Amino acid sequence: MHDIRAIRENPAAFDDALARRGLSPLSAELLSMDESRRAKILAAETAQAEQNKASKEVGAAKGRGDEAEFERLRALVAEKKAEIAALNAQAAEEDAALTARLAEIPNLPLDEVPFGKDEDDNVETRRWGEPRALDFQPVEHFDIAGVKPGLDLAMAAKLSGSRFMVLKGAVARVHRALAQFMIDTHTTEHGLEECWTPVLVKDEAMYGTGNLPKFAEDSYQTTNGWWLIPTSEVTMTNFAAGEIMDGAQLPVRMTAHTHCFRSEAGSAGKDTTGILRQHQFEKVEMVTLCHPDEALAEHDRMTGCAQAILEKLELPYRTVVLCTGDMGFGSQKTHDIEVWLPGQNAYREISSCSTCGTFQARRMNGRFRPEGGGKPEFLATLNGSGLAVGRCLIAVLENGQQADGSVTLPAALHPWLGGKTRITPEGTLV
């Protein structure tokens, strides 16, 4: 959500920022709507003053027996009352229209975000680890011999259709261990508070994080109106909705492991084989609420938390800054972390960490009171994957695959597997 006052003060800067996202200028349209709304409010206030004046004079006219003046003033009071009601109704309608229009406009990128049209213009900022040299042709996760017994995509299709998965045995155990490893690392080493949240939320929660109204088709809604969360960013960020937090307690850093649900409406025909892109999946999410001045430092910190998980698992990755044309709707700046998948011979996204500035906080009215007192201010919100569990499973399986079809599992994961270290070619965890 954008601050109309900021647009009034510097419409050119607003349009310039939109242009970096590839959008046409909007300030003239928004300011015209704003001017009309404000004119109605001013007219209503003027009419109210006229009504108040006439109301005071009605009694005086009655007292001195001036019936003609009394009737004129009484008619004027009634006229002004109706005029005020009409103007207030029009102002409220125009205010709602302006709010709805502002809610459709994406966040403005920071000046430091590289300009570009799509993912080809993203800028790599970090690369860690070297892809393992293999003396055999690597395969994708679903073709590894030791993985096949534990990945039943046919059963998932029978139960639910495409883009679902059934995990069994060793693969299910490794998947569960990864989630526990991530949560435990974030809480014990990174200082994040563990949360457990609903996966069904109200309209207001989805609106607050920018998932509604523009992206309704990307999510699932139940018949009684709840929405299935696309990530626990929705729930944890909305902890701040309608609140005034104590500035002395910021930053608030949280993490949650939840099921997530996405329709993948815009991904028809993309990543249909295997479990890379699913309708239902698990993710360990990170959310930070902080002072706006601290947001960029917190963004780097959050990105580091996600990178640390991959480094502990010995998975090669690269980090990129998304260009203006590839950023998400609510983001001011985004770091994508892409893990190496030898079966695809490519780096693929496994985490996206974004700072949203006050964009989401304005939508949900999330504020803090500065230390030492003062007027409440809007919070900054950040979110990031720490990590997507299913995609991390793919990376562990593909990077650990051996020529005989077995999988060597990362040493960091062994304590969460009861000391087991590998999956045999037959699919047994040993």
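In the predicted model, G161 is partly exposed, with a relative accessibility of 22%; this value places the residue outside the buried class because burial requires under 20% relative accessible area. G161 is located in the loop that joins helix 5 (153-159) to helix 6 (169-188). From the C-alpha atom of G161 to that of I337 the distance is 29 Å, and the two residues are 176 positions apart in sequence.

A second loop residue, A411, lies between strand 15 (407-408) and strand 16 (422-423). A411 is also partly exposed, at 46% relative accessibility, a value that does not reach the exposed class because that class begins over 50%. The C-alpha atoms of A411 and S32 are 62 Å apart, with 379 residues of separation along the chain.

T355, by contrast, is part of a strand, namely strand 11 (residues 346-355). Its relative accessibility is 1%, and T355 is therefore classed as buried. When residues up to four places away in sequence are left out, the contacts of T355 are A295, L296, H299, S331, Q332, K333, T381 and L382.

Aromatic pairing was examined next. The structure contains 5 aromatic pairs. One of these is formed by W128 and Y317, whose ring centres are 5.9 Å apart and whose planes meet at 15°, a stacked arrangement. The pair connects strand 1 (residues 123-128), which holds W128, with strand 9 (residues 317-321), which holds Y317, across 189 residues of sequence. The two partners differ in accessibility: W128 is partly exposed, with a relative accessible area of 27%, whereas Y317 is buried, at 0%.

The rings of F215 and F329 are also paired, with centres 5.2 Å apart and planes at 75°, so this pair is edge-to-face. F215 belongs to the loop between helix 7 (203-208) and strand 4 (220-221), and F329 to the loop between strand 9 and strand 10 (333-341), so the pair ties together parts of the chain 114 residues apart in sequence. F215 is partly exposed at 28% relative accessibility, while F329 is buried at 12%. Together with F359, F215 and F329 make up one aromatic cluster.

At the level of the whole chain, the secondary structure consists of 11 helices and 16 strands. The radius of gyration of the protein is 28 Å, whereas a compact globule of 430 residues would have a value near 22 Å. The C-alpha trace extends about 110 × 45 × 40 Å along the principal axes. Buried residues account for 49% of the 430 residues. Of the contacts between residues at least 6 apart in sequence, 72% involve residues at least 24 apart.

The exposed surface of the protein comes to about 19,800 Å², of which 50% is contributed by carbon and sulfur atoms. The protein carries 46 positive and 62 negative charges, and the mean positions of the two sets are 3 Å apart.

How values were computed. Residues are numbered from 1 along each chain as its sequence is written. This is a predicted model: local features need pLDDT of at least 70, side-chain atom pairs count only at pLDDT 80 or more; totals for chains, interfaces and linings use all residues. Side-chain values use heavy atoms; hydrogens and water are left out. Helices (H or I, at least four residues) and strands (E, at least two) are DSSP runs, numbered from the N terminus. The radius of gyration is taken over C-alpha atoms; the globule rule is 2.2 Å times the number of residues to the power 0.38. Buried means under 20% relative accessible area, exposed over 50%, partly exposed in between (1.4 Å probe, protein chains only). Contact means heavy atoms within 4.5 Å. Accessible areas come from the Shrake-Rupley method with a 1.4 Å probe; for residues, only the protein chains shown count as cover. Lys and Arg count as positive and Asp and Glu as negative; His and the chain ends are not counted. The place of a charge is taken as NZ of Lys, CZ of Arg, CG of Asp or CD of Glu. Rings of Phe, Tyr and Trp (its six-membered ring) pair if their centres lie within 6.5 Å; planes under 30 degrees apart count as stacked, over 60 as edge-to-face and the rest as tilted.
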